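Visitor: I have a structure to look over before going back to the bench. Please take me through it.

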Amino acid sequence: MATSNPSAFLLTVNGQIEGANFPEYDNLYCKYCFVYGHDWAPTSGLEEGITQITCKGSQSSHKLIWNFPLETTFKSTNPSGWPQLVVSVYGPDVFGNDVVRGYGATHIPFTPGQHTRTMPMFVPEPTWRLQKFTSWLLGRRPEYTDPKVVAQGEGREVTRVRSQGFVTVSFHIITKDMKKLGYDTGPSSSANTPSATSGWSTEEQPHIM
């Protein structure tokens, strides 16, 4: 009976932070973390991590390649607070200090299957000229104390920001038991077949009935 009447559904996130495009910068690395609602809890995998430092290749695109793996499973009883991936990119300035080169966030895709997201990145800007000069002189630029604020609306409206670069992330999403908890699972465009033995499905899409 416990199997047929689950108390929570599962969301498995696999994929990788593929790379980035920052025309003005090189030798960058990336930190990531997940932000989610109160009804969510991680059950396996890593909630945060840091990539290796990478430099631009000789190819014409001059992209930065990380191919850093993501693998996390969440449990929840409510789709509200659906997880977001927050990415922060860092690299050296002219003085050799590590400074932030971009923040970005994206919701984990709702539809199971393969997805690719290109995340626009931005940096906070000093609000007046003296701050900008002091930041440059001391090798420090404005940063968020907690990067998770990027995924939240509160407080960000008073922050002055500048767009800067892009990060590409690929996801493979799997859900389990969402339909049993009363969430509609409409057919996906992919032709994946749900597993009859494990109960895992690549066809489930959360929608409150």
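The questions below deal with strand pairing, one loop, cysteines and charged side chains.

Visitor: Which strand pairs with S6, and in what sense does it run?
Guide: This is a predicted model. Strand S6 covers residues 84–92 and is joined by 9 bridges to its partner in the antiparallel sense. One facing pair is Pro92 and Asp98. The partner strand is S7.

Visitor: How many residues of S7 are buried?
Guide: Strand S7 spans residues 98–107, a run of 10 residues. It is mostly covered, and the number of buried residues is 7.

Visitor: Which residue in the hairpin of S6 and S7 takes a positive phi?
Guide: The hairpin has 5 residues between its strands. The positive phi is near 85 degrees, and the residue that takes it is Gly96.

Visitor: Which backbone nitrogens does the side chain of Asp93 reach?
Guide: Asp93 sits in the loop between S6 and S7. Its side chain comes to 2.9 Å from the backbone nitrogen of Phe95. A polar atom of the Asp93 side chain also lies 2.8 Å from a second backbone nitrogen, that of Asn97. The nitrogens therefore belong to Phe95 and Asn97.

Visitor: Why does Asp93 have no salt bridge?
Guide: Side chains of opposite charge can pair when their charged atoms come close. Asp93 is buried, and its nearest side chain of opposite charge is Arg101. A salt bridge needs a nitrogen and an oxygen within 4 Å, so Arg101 is too far from Asp93, at 5.9 Å.

Visitor: Which residue forms a salt bridge with Asp177?
Guide: The count of salt bridges comes to 1. Asp177 is buried, at 11% relative accessible area. The closest N and O atoms of the pair are 3.8 Å apart, and the partner is Lys180.

Visitor: How many disulfides are there, and how far is Cys30 from the closest cysteine sulfur?
Guide: The count of disulfides comes to 0. Cys30 is buried, at 0% relative accessibility, whereas Cys55 is partly exposed at 45%. The sulfur closest to that of Cys30 is in Cys33, and no bond is possible because the separation is 9.9 Å.

Visitor: Which strands pair with S9?
Guide: Strand S9 covers residues 161–176 and is joined by 11 bridges to an antiparallel strand of residues 9–21, where Leu11 faces Thr175. S9 also pairs over 11 bridges, again antiparallel, with a strand of residues 113–124, where Thr116 faces Ser170. The two partners are S1 and S8.

Definitions and conventions: Residues are numbered from 1 along each chain as its sequence is written. This is a predicted model: local features need pLDDT of at least 70, side-chain atom pairs count only at pLDDT 80 or more; totals for chains, interfaces and linings use all residues. Side-chain values use heavy atoms; hydrogens and water are left out. Buried means under 20% relative accessible area, exposed over 50%, partly exposed in between (1.4 Å probe, protein chains only). Helices (H or I, at least four residues) and strands (E, at least two) are DSSP runs, numbered from the N terminus. Two strands pair if DSSP finds at least two bridges between them. A disulfide is a pair of cysteine sulfur atoms within 2.5 Å. Lys and Arg count as positive and Asp and Glu as negative; His and the chain ends are not counted. A polar contact is a pair of N or O atoms within 3.5 Å; within protein, one must be able to donate a hydrogen and the other to accept it, and residues adjacent in sequence count only if both atoms are side-chain atoms.
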